[in-house]
Amino acid sequence: MSVTEAGRLPALLQGDFHVHSTFSDDARSTLAENIAAASSAGLRTIRLTDHVRASTTWVPEFLSAVASEPVPDGLTVLTGVEAKLLDASGAVDTPSGLVVGPGGVDAVVIGDHQFPGTDGPWSPTATRERLDAGLAVDDALDLLIEGSIRAMERTPHAQLAHWFSILPKVGLDEAQLGDERLLAWAQAAAATGTIVEVNEKWNCPGPDAIAALLDAGARIVASTDSHVATDVGRYERVPALLAEAADRAAAERPAAEREDAR
């Protein structure tokens, strides 16, 4: 969806909060190309975000490069680094000495690239093997939610990237999380000020999780997880997720509140 296709974008879709550049080894577009694409798509906000790990040293170069790019009128450019959740303690794979906030990146974008195990990150294959060997599904889901909450508590200025995308990779489903886990996760996001992105590429989190975030008062944003500039700000699946979540959140409100809203 773009301005030229649908007129003025709804407010939430005027941002793309997860856009990769050639600072990530799996992306193809430059910072300048991404900024130009965001302006062309009618966006008001873009978060330029690239992958880091503990050994990464180029973050100052990235920030300098972003600062040197001209920004079109009406567009706000934010920065972020994407780092994976490591384990159930909430540790995140960020470089030593990373500055977040004034003088540094605007956000740490935490990705659920692997499963947060008790002894470090478990690959999807290793997680499936543990489940096959007797790890209870409920125990695995508790680890995921526990690690998620602790990561939010330990990481100031955090944004959750494509959250719950790990579940289908290990043979599980968001529907198995249940209301209680989603409520705890959403309330933690609200309490810590963690931003949660609704991700176009991975089509997650799902409507129940988004509805829980809305109910908790957590901040949600839209993202494409773009690795090429032509994808920046182009939403096909996110609007449907948001609409279904809004319907579910409204349906769960007390009848008196629904009547007052008419």
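Start by selecting Asp93, which sits in the loop between E3 and strand E4 (107–111). Keep in mind while you look around that this is a predicted model. Is Asp93 buried or exposed? With a relative accessibility of 12%, it counts as buried, because the cut-off for buried is under 20%.

Now show what surrounds that residue. Ignoring its neighbours within four places in sequence, Asp93 is in contact with Val52, Arg53, Ala54, Ala83, Lys84 and Leu86. Zoom in on Ala54 from that list: its backbone nitrogen lies 3.0 Å from a polar atom of the Asp93 side chain.

**Next stop: strand E3**

Select residues 76–84 to light up E3, and add 45–51 for strand E2. These two strands run parallel, and seven bridges join them. You can walk along the pairing one partner at a time:

- Arg47 has Leu78 of E3 as its bridge partner.
- Leu48 stands opposite Thr79 in E3.
- Thr49 stands opposite Gly80 in E3.

Stay on Gly80 for a moment and look towards E4, where its bridge partner is Ala107. E3 and E4 are joined by five bridges and also run parallel.

Before leaving E2, try colouring it by accessibility. How many of its seven residues are buried? The count is six, so to speak a mostly covered strand.

**Over the helix**

What lies between E2 and E3 on this tour? Select helix H3 (residues 59–68); together, E2, H3 and E3 make a right-handed β-α-β unit.

Which residues of H3 are buried? Pick out Val59, Phe62, Leu63, Ala65 and Val66. Then turn the view until you look down the axis of H3: the buried residues fall within an arc of 160°, so they line one face of the helix. That buried set packs against helix H2 (31–40), E2 and E3. Now spin round to the face turned away from the buried side, and you'll meet the exposed residues Pro60, Glu61, Ala67 and Ser68.

**Back towards E1**

H2 is a good next pick, since you have just seen it packing against the buried residues of H3. Along with E1 and E2, H2 makes another β-α-β unit, and this one is described as right-handed. Select E1 and E2 together: they run parallel, with three bridges joining them. To find a pair to look at, click Asp16, which stands opposite Ile46 in E2.

**Zoom out to the whole sheet**

Finally, hide the side chains and show just the strands. In what order do the seven strands of this open sheet come? Reading across, you get E1-E2-E3-E4-E7-E8-E9, with parallel pairing. At the edges are strand E1 (15–19) and strand E9 (219–223), each of which pairs on one side only. Tilt the view and look at how the strands are set: on average, neighbouring strands of this sheet are turned by 30° against each other, direction ignored.

Terms used
Residues are numbered from 1 along each chain as its sequence is written. This is a predicted model: local features need pLDDT of at least 70, side-chain atom pairs count only at pLDDT 80 or more; totals for chains, interfaces and linings use all residues. Side-chain values use heavy atoms; hydrogens and water are left out. Two strands pair if DSSP finds at least two bridges between them. Helices (H or I, at least four residues) and strands (E, at least two) are DSSP runs, numbered from the N terminus. Axes are lines fitted to C-alpha atoms, for helices over the stretch in contact, and angles run from 0 to 180 degrees between N-to-C directions. Buried means under 20% relative accessible area, exposed over 50%, partly exposed in between (1.4 Å probe, protein chains only). A polar contact is a pair of N or O atoms within 3.5 Å; within protein, one must be able to donate a hydrogen and the other to accept it, and residues adjacent in sequence count only if both atoms are side-chain atoms. Contact means heavy atoms within 4.5 Å. The arc is that of the directions from the helix axis to the C-beta atoms. A crossover is right-handed if, with the strands pointing away from the viewer, the path from the first strand over the helix to the second runs clockwise.
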